[in-house]
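Here are some notes to read alongside the structure, for anyone meeting it for the first time. Keep the viewer open and take the points in order.

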Amino acid sequence: LQIWDTAGQESFRSITRIFYRGANCVFLCYDITRKETFQNVQEWLMEIKQHAAPDVVVYLIGNRVDEEEKREVLKVSAEEYCKLNKIDKFYETSALNGFNVEEVFSLAAKELYYAKKEADAGPSAQPGGPKGSTALDPTTKKEEKDKGCC
């Protein structure tokens, strides 16, 4: 995997167009504690649709869930946004404490691997891999673990 963090600032917009062209997957990230970053997602999604391949996989990532008390973007709003805009996956993460970070990268890598394997096998290949699987949803897995006593 090659992973590029383009930072999301307006000054990087022209540079990101170069990366979209060769990308198989894009993580479109926003800060759950800053509504304006979620509002900016629409512009970045338009950039992706204009400059990336039509089959690029897009994940919407809400970061900073470790600051739940400062939340400005509801999870349900992000999920609805994904449905309306045909975004493949949605997860919430925390870069501070690592919540869901490794899981999201691992799931994306697996999804891309299986998609490539299917494409290489041709049209007669059996569908497979984790695409669309809820069993591998890191949010569900973590929430089930966290349902303990406290």
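1. A word on terms before the strands: two strands pair if DSSP finds at least two bridges between them. In this predicted model, β1 (residues 25-31) and β2 are joined by seven bridges and run parallel. If you want one pair to look up, Phe-27 has Tyr-59 of β2 as its bridge partner.

2. Stepping back, the protein has five helices and three strands. Going along the sequence, they come in the order α-β-α-β-α-β-α-α. Of the 150 residues, 33% count as buried. Taking contacts between residues at least 6 apart in sequence, 72% link residues at least 24 apart.

3. How far can you trust the picture? The mean pLDDT is 82, with 76% of the residues at 70 or more. Residues 128-150 are where to be careful: pLDDT there is below 50, although the stretch has 29 contacts in the model beyond near neighbours in sequence. Where pLDDT is low, the predicted coordinates should not be read in detail.

4. Now the other side of β2. This strand also pairs with β3 (residues 89-92), again in the parallel sense, over four bridges. Gly-62 sits opposite Glu-92 of β3. To get from β2 to β3, the chain passes through helix α3 (residues 75-85), and this β-α-β crossover is right-handed. There is also a right-handed β-α-β unit made of β1, helix α2 (residues 35-51) and β2.

5. Why is β2 (residues 57-63) described as largely enclosed by the rest of the structure? Six of its seven residues are buried, so the surrounding structure largely closes it in.

6. Which residues touch the most other members of the largest nonpolar core? They are Leu-28, Tyr-30, Ile-48 and Leu-60, out of 22 residues in that core. β1, α2, β2 and α3 each give two or more residues to this core, and α2 gives the most, with five.

7. Leu-60 is worth selecting in the viewer. Setting aside neighbours within four places in sequence, its contacts include Leu-28 and Tyr-30, Phe-38 and Val-41, Ala-78, Tyr-81 and Cys-82, and also Phe-90 and Tyr-91. A second, separate core has seven residues, among them Val-57, Tyr-59, Val-104 and Ala-108.

8. Helix α3 has two faces to compare. Its buried residues are Ala-78, Tyr-81, Cys-82 and Asn-85. Viewed down the axis of α3, these buried residues fall within an arc of 100°, so they line one face of the helix. The general rule behind such spacing is that an α-helix has 3.6 residues a turn, so residues three or four places apart point the same way. The buried residues of α3 pack against β1, α2, β2 and β3. On the face turned away from the buried side you'll find the exposed residues Val-76, Lys-83 and Leu-84. Just after α3, Lys-86 takes a positive phi of about 55°.

9. Finally, a stop at Asp-66, in the loop between β2 and α3. Asp-66 is partly exposed, with a relative accessible area of 25%. Apart from neighbours within four places in sequence, Asp-66 is in contact with Ser-94, Leu-96 and Asn-97. Asp-66 and Gly-98 are 32 residues apart in sequence, and their C-alpha atoms are 9.4 Å apart in space.

Definitions and conventions:
Residues are numbered from 1 along each chain as its sequence is written. This is a predicted model: local features need pLDDT of at least 70, side-chain atom pairs count only at pLDDT 80 or more; totals for chains, interfaces and linings use all residues. Side-chain values use heavy atoms; hydrogens and water are left out. Buried means under 20% relative accessible area, exposed over 50%, partly exposed in between (1.4 Å probe, protein chains only). A crossover is right-handed if, with the strands pointing away from the viewer, the path from the first strand over the helix to the second runs clockwise. A nonpolar core is a set of buried Ala, Val, Leu, Ile, Met, Phe, Trp, Tyr and Cys residues joined through side-chain atoms within 4.5 Å. Contact means heavy atoms within 4.5 Å. pLDDT is the predictor's confidence in each residue, from 0 to 100. The arc is that of the directions from the helix axis to the C-beta atoms.
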